[in-house]
Amino acid sequence: MEYRIGSMVLDGWRIVRRIGSGASGAVYEVQKQKDDITLSSALKVMKVPQDPSLPDTLRGDGMDEGSVTRYLQGVVDELIREIRIMVELKGFPYTVNCEDYEVLQDPEEEQWDVLIRMELLTPLQKYQQGRSLTEKDVYRMAVQLAEALCLFEGEKIIHRDIMPENFFLNKYGTCKIGDFGIARAFDRATGELSKKGTENYM
C-alpha cells in the first residue's frame, strides 16, 4: 500500500502530513472526525522487509522459498510481540502510548506493512527549537526518563536504543521514551544482524 497525504488507514483515519522517518519506518500525523471533533494521532508505518532485495539475498544465502517466508514472518511476529509490550505499558506516564495497530500482508509479494497508531507527541529536538530549556526543565525530564528506565528494568525490557531521537514530549512538557523494542526486530528486517543500537549512545 502507498502512504500519502489523504490516504485512509486503520478504521477511518486520514493521513494529513508526514512527520518524519527513522531507522524503523516513516511517521505520519493522522486525523479522524467524530461528532465535529478532530482526533489526532501519530502513525508509524514499518515495512518488512525494509530492503526489497532482502528476500533475494536470503535465497542467495541458501534459503528456499518456505524458509524466506518463515524468516520474514518471524520478523513480523517479533514486531507484534514488541507492540504487545507497548500495549501492556499503556498508561505509564513516561512511555509512548500505543492506541491501535494493524498488520497488512501483500497477497502477491513477500511484503508486510506494520502500522502502529500512537499518541501524537513532539520529538525532543523539535521541542527545543525556539525555546531555552532551564536547568529545572532538564532535571524534570531526566527524572521522568529515569523512571521509565526503572520500569523497563523491572519488566525485563531492554530498549537498546536510548538516545535523544527516541525522546518525545506532550503539550504539558512530559517527556516519554518511544520506539522501545522495535529496533531489535528491525535488525532482522534489514539483514543487519550484528546491529545492537546507536554506537554513540551505547
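In which sense do β2 and strand β3 pair, and over how many bridges? Here are a few notes on this predicted model, starting with that pairing.

1. β2 and β3 (residues 25-34) run antiparallel to one another, and 7 bridges hold the pairing in register. If you would like a place to look, find Ser 21, which stands opposite Ala 26 in β3.

2. Strand β2 (residues 13-22) also pairs with strand β1 (residues 8-9), again in the antiparallel sense, over 2 bridges. One pair to check by eye is Val 9 and its bridge partner in β2, Trp 13.

3. The turn between β1 and β2 deserves a glance too. This hairpin has 3 residues between its strands, and Leu 10 takes a positive phi near 50° there.

4. Further along the chain comes another sheet. An open sheet is formed by 3 strands in the order β7-β8-β9, with antiparallel pairing. Its edge strands are β7 (122-123) and β9 (175-177), each of which pairs on one side only.

5. Within that sheet, strand β8 (residues 167-169) runs antiparallel to β9, and 3 bridges join the two. Phe 167 has Ile 177 as its bridge partner in β9. When you follow side chains here, it may help to recall that in a regular strand they alternate between the two faces of the sheet.

6. Finally, which helix lies across β8 and β9? Helix α4 (residues 135-154) does, and α4 runs at about 30° to β9.

Definitions and conventions:
Residues are numbered from 1 along each chain as its sequence is written. This is a predicted model: local features need pLDDT of at least 70, side-chain atom pairs count only at pLDDT 80 or more; totals for chains, interfaces and linings use all residues. Side-chain values use heavy atoms; hydrogens and water are left out. Two strands pair if DSSP finds at least two bridges between them. Helices (H or I, at least four residues) and strands (E, at least two) are DSSP runs, numbered from the N terminus. Contact means heavy atoms within 4.5 Å. Axes are lines fitted to C-alpha atoms, for helices over the stretch in contact, and angles run from 0 to 180 degrees between N-to-C directions.
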